[in-house]
Number of protein chains: 2
Amino acid sequence: MRIGEQSKPVRVGILGCGTVGSALVRLIEAEASAVEERTGLALEVVRVAVRNVSARREVELPEGIVTRDSQSLVTDPGIDVIVETIGGIEPARQLILTALKSGKPVITANKELVANCGRELFEAADAGGVDLMFEAAVGGGIPLIRVLRESLVGEPIRRMMGIVNGTTNYILTRMTEDEAEYSDVLAEAQRLGYAEADPTADVEGFDAGAKAAIMATVGFGVSVVAGDVYQEGISTIGRADIEAAARLDHVIKLLAIVERVEGDVAVRVHPAMVPMNHPLAAVRDSFNAVFVQGEAVGDLMLYGRGAGGFPTASAMMGDLITAAEHLAQGISDSMGRLPDATIRPIDESLSAFYLRLDVEDRPGVLAAVATVFGEHGVSIRLMEQEGSGEGAKIVFITHEAREKDLHRTLVGLEDLEPVVRVGSLIRVVES
Amino acid sequence: MRIGEQSKPVRVGILGCGTVGSALVRLIEAEASAVEERTGLALEVVRVAVRNVSARREVELPEGIVTRDSQSLVTDPGIDVIVETIGGIEPARQLILTALKSGKPVITANKELVANCGRELFEAADAGGVDLMFEAAVGGGIPLIRVLRESLVGEPIRRMMGIVNGTTNYILTRMTEDEAEYSDVLAEAQRLGYAEADPTADVEGFDAGAKAAIMATVGFGVSVVAGDVYQEGISTIGRADIEAAARLDHVIKLLAIVERVEGDVAVRVHPAMVPMNHPLAAVRDSFNAVFVQGEAVGDLMLYGRGAGGFPTASAMMGDLITAAEHLAQGISDSMGRLPDATIRPIDESLSAFYLRLDVEDRPGVLAAVATVFGEHGVSIRLMEQEGSGEGAKIVFITHEAREKDLHRTLVGLEDLEPVVRVGSLIRVVES
């Protein structure tokens, strides 16, 4: 705040008062005077719209603030900024569009909405001349979106790899560190409240997929939607895979990967072996991180709490202050014209792969197997026999290869007589 | 960029054309059209001021762009934004002040200048109604300053711990991973160009100290200068310390630590043992990282390239685009009124400590030693005997204690008859 300036009141309306909404109300209360001192903005929560007015919640709201009429909030001339914490597509979409049309900046943590209806929302924000901010939609408290939109807007980003789902990272960490089975850890995570009763959205990669779409959209300045994302979850990862990774000094993580490939955008979610000396390998438990590779900036990683009321509220608070400043200045940040991305089919994507084969232990097997890789243009970085006789296995790590070529290799291997069984195929991040 | 808008030319003047200046010129050339497409800003380098016009440099500059007259750049009405890459206090300070007075936003990577004359520069920027941006001054390509100024402006930050000097992190990493001696690694680092011929500023913590002052200023919104920072370097760290840390599952890092303590600010640079499972422990070689602990956001870490031409230029590019947007919008970001920080004396700072004592191996020694700790209010978290007979040692890790109490404990231990020698004292980061 500059000397001589007067504080500017900022009247905040909040849609929803669950974990995130409550945390935001409490954070604003606790920090209002510090924020006013530093920025000159006097934040005040003036309305909170909830489904059930008499429900118990984690924050006490002053008399007269609570309403069931969310529609009235987004058009109320007595409200300057709207914060949406209800989640899901509708009614969040309609409410946000109405708010933007009414000239109110909107702050949201709604990854599903931004990943599915981003362009519509961005255009509505531009038409209204106000901000639509969604820092909390990816990586919770991690300031990824602002860094991509502002710090790195001039950076030629090549690739981003994110651990953006805390539930699956918790499960994989416990499987790795406690030598536990997937199903046991999932049950424990559900008991602790880290996983939903229906864990599908997390463990099958849908949540990470929505975030990948947003990462690609903001990082590359093109429109990528949730449906563009290829995804595989972690429910097929077993102890044998975890142990195989450990033997090779790797750890398995569920990664959201977005890449620029010859003008196309590749965007996918799948488990991958990460080398132990890669910064992503040290991201444990429910923490999130996004690793960014840029032509100029080199390797960059942002790490933090990907979920939870207060980390999410912290990200929304940063957005709220910026939006309020912009409102006072009569400006807004635009996402710009977003051309459609040309999505590279998963078949054409490049990865290194780990593959384990059960084989008959006899001379010439390695050569026969290696020939199949070679025939499909897949080159081998590491090949190692584990065990002998009945339990003989060969483990491979390939160099970067096209998914299509790898799958053709698999078909070829299945036809090979000394190959008893083609086991897990896991993508590998190169260090 | 919004539909229908016209591109806005941004005429950039650059002071200095060494590694960073050259990289920025090349980055602007390479990315100008992508930046124009995304932001509507047409960046163009119109003047570059250098000391020696005919020197060889890493970029070819068009005829007529180069000048020796840096003073003319900062007042030239044909230049919109000034980028300063010359470093040091003068003439950088005078040139920047003149540019700001002339209504030109300034981008700088000059940590020494910002850490010593920050308030003067911030006030000049406010008076001129333009931006002074210095993302590249701390952590090179890591977007720390923007995150602190914007994303976390409403976050109650408790503490930041940074690995902000690449040279010392490279040396400590090589000592740890290659079992090498300090002097050998330093010589190798000098040969590779990672360390200066006179390495004092890096190895004695001055460089990290300047960055700590900036971190505290921006993170806490108070004025902290380089002279406020307590600092110890790494030149006293030997193999015995590295090995002791490894035995305890820790690794030694040079940390810049800034903390809020009861309204005061504690700001210091020193080596510390970091637990292996702490995210900072995975920051290897010349990488930098800053670990932020906030009341709401929880733990956050930003990791990346702390130096080098292109990472630094990338950070400056982000600043440049923002400053140019602000200039077009007629606004600027203020650092606000910065009150003087009350600096907590190092004596009153709290840390956990590691201490190694050579002792006579006889009954009652442990009890006598433990009594001395207790007398000075230092409580012990871990106490372990190493070796026996002549070479007997006792290793301690304390709980958090005041520096003053720890030093009194040391004096007491030196007076204790069975204590042969009081060895290294190293601060410990709690996990």
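What follows walks through how the two chains of this predicted model fit together and how parts of each chain are arranged. Residues are numbered from 1 along each chain as its sequence is written, while chains are lettered from A and ligands numbered from 1 in the order in which they are written. Because the model is predicted, local features need pLDDT of at least 70 and side-chain atom pairs count only at pLDDT 80 or more, though totals for chains, interfaces and linings use all residues.

Let's start with the place where the chains meet. The contact draws 49 residues from chain B and 49 residues from chain A (two residues are in contact if their C-beta atoms, placed from the backbone, lie within 7 Å). On the chain B side, helix 1 (19-39), helix 5 (144-151), strand 12 (298-305) and helix 11 (309-329) each put in at least two residues; helices (H or I, at least four residues) and strands (E, at least two) are DSSP runs, numbered from the N terminus. Helix 11 of chain B gives the largest share of that side, with nine residues. Sorted by class, the side of chain B that touches chain A holds 24 nonpolar, 14 polar and eleven charged residues. Here Ala, Val, Leu, Ile, Met, Phe, Trp, Tyr, Cys and Pro count as nonpolar, Asp, Glu, Lys and Arg as charged, and the others, Gly among them, as polar.

Strand 12 also pairs across the two chains. Strand 12 of chain A (residues 298-305) and strand 12 of chain B run antiparallel and are joined by five bridges (strands pair if DSSP finds at least two bridges between them). In this pairing, A:Leu302 has B:Leu302 as its bridge partner. Chain B can be laid on chain A by a rotation of 180° with 0.0 Å of shift along the axis, at an RMSD of 0.0 Å; the fit is by least squares on the C-alpha atoms of residues with pLDDT of at least 70 in both copies. The two copies are therefore related as by a two-fold rotation axis. B:Leu302 turns up again here: of the residues of chain B, its C-alpha comes closest to the rotation axis, at 2.4 Å. Both copies use the same surface, with 100% of the contact residues of chain B recurring in chain A.

Now for the inside of a single chain. Chain A is split into domain 1 (8-141 + 309-329), domain 2 (156-305) and domain 3 (346-428), with bounds that come from an automatic or database domain assignment. The C-alpha centres of domains 1 and 2 of chain A are 28 Å apart, and their contact takes 13 residues from domain 1 and 14 residues from domain 2. Helix 4 of chain A (residues 111-128) supplies seven residues, the largest share of the domain 1 side.

Over in chain B, six strands make an open sheet in the order 3-2-1-4-5-6, with parallel pairing. Its edges are strand 3 (66-67) and strand 6 (132-133), each pairing on one side only. Strand 4 (residues 81-84) and strand 5 (residues 106-108) of chain B are linked by three bridges, and B:Ile82 has B:Val106 as its bridge partner in strand 5 of chain B.
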